[in-house]
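Visitor: I've got a structure open and would like a quick tour of its sheets and its pocket. Could you walk me through it?

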Amino acid sequence: MISLLDSSSVDHRLIDHEPEGATEAVCALRGHPASEAAKCIVLRVKVDRRTTRHVLAVVPGDRRVDLDAVRALFAARYVGFSEPETAERLARAVPGTVLPFSFDPDLELVADPDVVAQPKLYFNAARLDRSLCISGADYERLAKPRIERIASPATT
């Protein structure tokens with residue numbers, strides 16, 4: 001990831017911290033509001049009986065993925081969270097460390113517009129004890145996500 005940022009001339013900052021994968025807790029360790037974090041969730045999207053797609057949904061850290069919005073976006077019958085093994089294989093990371101980038105052609109990347117609008121965007125750097133900070137604009141330019149409204153308010 002770092003070599004990709006360097007080769008693309010993306011200004012970034014590495015942040016070392018205590019190991020943490022939960023969004024609220026890692027935001028506190030990094031010292032920023034949860035709205036500036038990229039929460040990354042791997043979803044299973046069943047378009048029909050024979051067609052299953054996998055989507056990496058990226059939403060602000062203070063929000064949740066709106067499964068109904070994703071279902072409507074793909075005209076799908078069902079949307080749910082991928083099994084941990086599938087998510088790890090496609091995202092190439094364990095839960096809590098998933099990058100907001102897809103490096104697998106079978107994992108479609110969709111980001112909420114509020115993610116790319118962030119002047120500073122924080123996310124775990126494929127490990128629990130290190131994070132990255134880049135601009136939302138640089139994230140959009142480099143990751144090239146499909147931008148769609150897929151976040152809804154977090155439930156309390």
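What follows is a short round of questions and answers about this predicted model.

Visitor: Which residues does UniProt list for the YbaK/aminoacyl-tRNA synthetase-associated domain?
Guide: Heads-up, that label comes from an unreviewed UniProt entry. In the model, the span is 27% helix and 33% strand, and its end C-alpha atoms lie 25 Å apart. The record puts the domain at residues 17-142.

Visitor: In what order do the strands of the three-stranded open sheet run?
Guide: Look for the edges to begin with: S1 (13-16) and S7 (121-127) each have a single partner strand, so one side of each is left without a neighbour in the sheet. Neighbouring strands here are turned by 30° against each other on average, direction ignored. The pairing is antiparallel, and the order is S1-S8-S7.

Visitor: Which residue in S8 stands opposite Tyr-122?
Guide: Tyr-122 falls within S7, residues 121-127. S7 runs antiparallel to S8 (residues 130-134), with five bridges joining the two. Across from Tyr-122 in S8 you'll find Cys-133.

Visitor: What angle does helix H2 make with S7?
Guide: H2 covers residues 23-30 and packs on the three-stranded sheet, where it touches S1, S7 and S8. Taking its direction against that of S7, you get about 105°.

Visitor: How is the five-stranded open sheet ordered?
Guide: This one has mixed pairing. S5 and S9 (146-147) stand at its edges with a single partner strand each, so each has one side left without a neighbour in the sheet. Reading across, the order is S5-S2-S3-S6-S9.

Visitor: Which strand does S6 pair with in the parallel sense?
Guide: S6 spans residues 107-111, and the parallel pairing goes over two bridges. As one marker, Val-110 has Arg-146 as its bridge partner. The strand in question is S9.

Visitor: How many bridges join S2 to S3?
Guide: A hairpin links S2 to S3 through five residues, and the two strands run antiparallel. One spot to check is Cys-40, whose bridge partner in S3 is Val-58. The bridge count between S2 and S3 (residues 52-60) is nine.

Visitor: And which residue in S5 stands opposite Leu-43?
Guide: S2 also runs antiparallel to S5 (residues 78-81), joined by four bridges. Leu-43 lies in S2, which covers 38-46. Opposite Leu-43 in S5 is Phe-81.

Visitor: Which element gives the most to the lining of the largest pocket?
Guide: The pocket holds about 360 Å³ of space. H2, S2, H4 (84-91) and S7 each supply at least two residues of its lining. With five residues, the top contributor is S2.

Visitor: How many nonpolar residues are in that lining?
Guide: The lining has 22 residues, and those nearest the pocket's centre are Cys-40, Ile-41, Pro-95, Gly-96 and Val-98. By class, two lining residues are charged and six are polar. The nonpolar count is 14.

How values were computed. Residues numbered from 1 in each chain as written. Predicted model: local features only at pLDDT ≥ 70, side-chain atom pairs only at ≥ 80, totals over all residues. Heavy atoms only, no water. UniProt positions renumbered as here; feature names shortened; annotations may be inferred. Pairing = 2+ DSSP bridges. Axes fitted to C-alpha atoms, helices over the stretch in contact; angles between N-to-C directions. Contact = heavy atoms within 4.5 Å. 1 Å grid on protein atoms, 1.4 Å probe; cavity = no way out; pocket = protein on both sides within 12 Å on 5 of 7 lines; lining within 4 Å. Points joined across faces, edges and corners; volume = space filled by probe spheres on them. Nonpolar A, V, L, I, M, F, W, Y, C, P; charged D, E, K, R; others polar.
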